[in-house]
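I opened this entry to keep a record of what I looked up, beginning with the ligand and moving outward from there.

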Amino acid sequence: MDQGAAQAVSEAESEEFGTTATWAADSIERLGPVHALPAACQGSGSPEALHWLCQELALQPGRRLLDVGAGIGGPAAYAREETGVEVDLVDPMPQACAAAERIFGLPALVGDAGKLPLDDRGHDAAWSLGVLCTLSDQPAALAELARVVRSGGGIGLLVFVRLAQRQRVHMPDNDFPAWRELRDMLDDARLDLVHEHRLKDFGAPDAGWTARADRVHDDVRRHHLRDPRWQRAERQRKAVETFVDEGLVEGVVLTCRVR
Ligand SMILES: C[S@@+](CC[C@H](N)C(=O)[O-])C[C@H]1O[C@@H](n2cnc3c(N)ncnc32)[C@H](O)[C@@H]1O
């Protein structure tokens, strides 16, 4: 195993992705399991995009998918349910790993995208959704994805790319790459781009899915509204939404193949 270097996770990120993971899991337990998938798909929030990725990566029983930056496990649970693929999860937040286990019974390793605790070429496919732009060393994370997936295997990414100058989309703990930079990083990591789609080109989730996700969000807000950790996480979430609404950043869903 020739691993890269772990990337620093700031205190704000621990709050945004760690503490809130436990709160979301608590809320899903309060409201019932029908809320689990919609509330736990925190990167794309789009079942249509996940369905497309499952097809593109040819996920099926007997194959292994790795989810890097898996959060509380929604996308991995979706893939397992839709395709029967075996899934492994990695996230640096112990609370997120515990939540994925608690909500979906999914195996989750505490680990870092830049230094995955996994053998070379042990997976048929991997995805990392809404994670890359939170990383300080994005090339290292892409190189690690290429290392742990077999040659010819598929990798799916949801990345928020920058459509404006870097200083206009400055946000602590985030660095949105421009499309050109992302393409260069993929190439340097020996990943061949296969297909790409704008996130907004996928259909919006149906009303039931959105309502269940919103119920969990509202429930967490009701319980933690006055907690500065909730307020800070909410500001981060809204900042990305505002960049997208203003056309400064856009979500791109893409697949590539390991050379
Ligand atoms: C926006 S959430 C997306 C979660 C999940 N991929 C999804 O789509 O629901 C970003 C995730 O990236 C994880 N993350 C942050 N820094 C990371 C790192 N250095 N390595 C791996 N994952 C990281 C966070 O803990 C969080 O779970």
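Which polar backbone atom is 2.6 Å from an oxygen atom of the ligand? I found that it belongs to Gln-42; I take a polar contact to be a pair of N or O atoms within 3.5 Å.

Before going on, I note that this is a predicted model, in which local features need pLDDT of at least 70 and side-chain atom pairs count only at pLDDT 80 or more, while totals for chains, interfaces and linings use all residues. Residues are numbered from 1 along each chain as its sequence is written, and side-chain values use heavy atoms, with hydrogens and water left out.

**Ligand shell.** I looked up two further contacts: a backbone N or O atom of Gly-69 lies 2.7 Å from a nitrogen atom of the ligand, and an N or O atom in the side chain of Asp-91 is 2.7 Å from a ligand oxygen. The protein covers 95% of the 590 Å² of accessible area that the ligand has on its own (Shrake-Rupley method, 1.4 Å probe). The surroundings comprise 19 residues, each with a heavy atom within 4 Å of the ligand, and Gln-42, Gly-43, Gly-69, Asp-91 and Leu-129 come nearest. By class I recorded eleven nonpolar, six polar and two charged residues, with Gly counted as polar.

**Strands β1 and β2.** Four of the five residues of β1 (residues 64-68) are buried, so this strand is largely enclosed by the rest of the structure; buried means under 20% relative accessible area, exposed over 50%, and partly exposed in between (1.4 Å probe, protein chains only). Strand β1 pairs with β2 (residues 86-91) in the parallel sense over five bridges, where pairing requires at least two DSSP bridges, and Asp-67 has Leu-89 as its bridge partner in β2.

**Cores.** The largest nonpolar core, meaning buried nonpolar residues other than Pro joined through side-chain atoms within 4.5 Å, has 54 residues, of which Leu-59, Leu-65, Ile-72, Trp-127, Phe-176 and Val-253 touch the most other members. A second, separate core of 30 residues includes Leu-66, Val-131, Leu-157 and Trp-179.

**Single residues.** Glu-13 is found in helix α1 (residues 11-31) and is buried, with a relative accessible area of 7%; its C-alpha atom is separated by 8.2 Å from that of Ala-233, 220 residues apart along the chain.

Most residues other than glycine have a negative phi. I therefore noted Ala-58, which has a positive phi of about 50° and is partly exposed at 31% relative accessibility. Asp-173, in the loop between β5 (149-162) and α7 (179-188), has a positive phi of about 70°.

How values were computed
A polar contact is a pair of N or O atoms within 3.5 Å; within protein, one must be able to donate a hydrogen and the other to accept it, and residues adjacent in sequence count only if both atoms are side-chain atoms. Helices (H or I, at least four residues) and strands (E, at least two) are DSSP runs, numbered from the N terminus.
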